[in-house]
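Thank you all for coming. I would like to take you through one structure this morning, slowly enough that you can follow along on the screen.

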Amino acid sequence: APDVVTFGETMAALRANGPLRLGGSLGLSMAGAESNVAVGLARLGHRVRWAGRVGADELGALVLRTLRAEGVDTGYAITDDSGRPTGLLLTEPRLGTLTRVSYYRAGSAGSAVSPADVLPALASGPRVLHLTGITPALSASAAEAALAAATTAREAGITVCLDVNYRSRLWSADRARTVLRPLLSRTDLLIASEDELPLMLERPDADESEGVKSLLAAGVREVVIKRGARGATTCTADGATDRPARQVDAVDLVGAGDAFVAGYLSGLLHGADIPDRLHRAVTTAAFAVGTRGDWEGLPTEDELGLLDRPDGTTIR
Ligand code: ATP
């Protein structure tokens with residue numbers, strides 16, 4: 001049985017080396033917030049299941065093959081038989097670490113995910129269910145799937161982790177608040193970046209400590225706030241714990257948040273205390289920031305110590 005179950009939309013990702021409008025060659029890979037977390041956890045040695053829908057097409061086969069190659073259980077993934085395609089995104093580096101992403105996901109197989117698709121994946125009783133706020137933005141059935149999974153997991157005593165992951169291209173902040181706030185009463189571990197936190201609050205203008213207090217009062221056990229290059233903070237009823245980010249030359253920031261979640265959940269699964277969960281999280285995030293691709297550079301357990309080695313070290 002898996003330690004962690006997650007689901008969401010995973011797309012094919014085409015990566016350019018320069019401006020897309022100039023053409024040229026693209027590299028083909030896959031991308032999806034939840035599958036990034038799944039790969040990160042699998043690399044660290046945890047048993048992870050990814051559920052969700054892909055198209056009955058070559059890009060869907062690529063997604064499933066890649067996940068399997070990374071050791072992620074795809075036994076509950078569904079291949080859509082209604083002709084919906086696998087979603088697609090294109091990335092182009094523009095300036096330094098500033099990257100532009102274009103999505104082709106409307107009407108995709110991944111956005112048609114439903115409660116009946118995902119609930120069976122939870123039946124084996126994992127320790128953690130990981131959701132992101134992207135899934136409920138994809139469609140009504142996807143929003144139902146997230147709510148049903150969170151409700152079922154909560155009732156079964158499975159730890160529910162929600163990463164807010166607000167995507168302004170998919171919905172407005174008001175819509176997101178309306179749909180995501182009902183998930184709070186089912187959430188044990190809430191992860192948000194500083195600018196996403198107001199989305200989860202009844203009073204969006206509350207200051208951070210007041211906001212956190214209201215989330216803890218609503219039943220969230222642990223609120224983790226990501227602060228980019230400044231690190232992260234975990235807040236519980238016992239107080240707040242800060243952790244600075246690891247020093248690393250930033251190459252590609254996309255996927256840092258997902259890598260952070262993988263590290264954090266890995267610490268949780270190992271029974272680590274909050275400072276050690278945060279340490280693992282900022283370490284895995286630094287690998288995502290310091291390497292190209294959303295998930296390709298994520299560390300195995302053996303590699304976590306590489307960040308402590310001096311720059312220029314050759315490993316023989
Ligand atoms: P994204 O959505 O782009 O994946 P995010 O907005 O969810 O990211 P951030 O707060 O930007 O999340 O980054 C998550 C974590 O990644 C931070 O808490 C930090 O540990 C690490 N991180 C981000 N930027 C840097 C950086 N420049 N150097 C080192 N670590 C970084």
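I will speak about a sheet and the helix that packs on it, and then about a pair of aromatic rings.

Please keep in mind throughout that what you are looking at is a predicted model.

Let me begin with the sheet, which is open and has eight strands, arranged in the order β4-β1-β9-β10-β11-β12-β13-β14 with mixed pairing. At its edges stand β4, residues 48–51, and β14, residues 239–243, and because each has a single partner strand, one side of each is left without a neighbour in the sheet. If we ignore direction, neighbouring strands of this sheet are turned against each other by 20 degrees on average.

At the β14 edge, the partner is β13, residues 232–236, and these two strands pair in the antiparallel sense over five bridges. Within that pairing, Thr233 stands opposite Asp242 in β14. Packed on the sheet we find helix α9, residues 274–290, which touches β12, β13 and β14, and whose direction makes about 35 degrees with that of β14.

Now to the aromatic rings: how many aromatic pairs does a search of the whole structure find? The search finds one. The partners are Phe260 and Tyr264, whose ring centres are 6.2 Å apart and whose planes lie at 20 degrees, so the pair is stacked, the cut-off for stacking being planes under 30 degrees apart. Both residues belong to helix α8, residues 256–269, where they are four residues apart, about one turn of the helix. As for their surroundings, Phe260 is buried, and Tyr264 is buried as well.

How values were computed: Residues are numbered from 1 along each chain as its sequence is written. This is a predicted model: local features need pLDDT of at least 70, side-chain atom pairs count only at pLDDT 80 or more; totals for chains, interfaces and linings use all residues. Side-chain values use heavy atoms; hydrogens and water are left out. Two strands pair if DSSP finds at least two bridges between them. Axes are lines fitted to C-alpha atoms, for helices over the stretch in contact, and angles run from 0 to 180 degrees between N-to-C directions. Contact means heavy atoms within 4.5 Å. Rings of Phe, Tyr and Trp (its six-membered ring) pair if their centres lie within 6.5 Å; planes under 30 degrees apart count as stacked, over 60 as edge-to-face and the rest as tilted. Buried means under 20% relative accessible area, exposed over 50%, partly exposed in between (1.4 Å probe, protein chains only).
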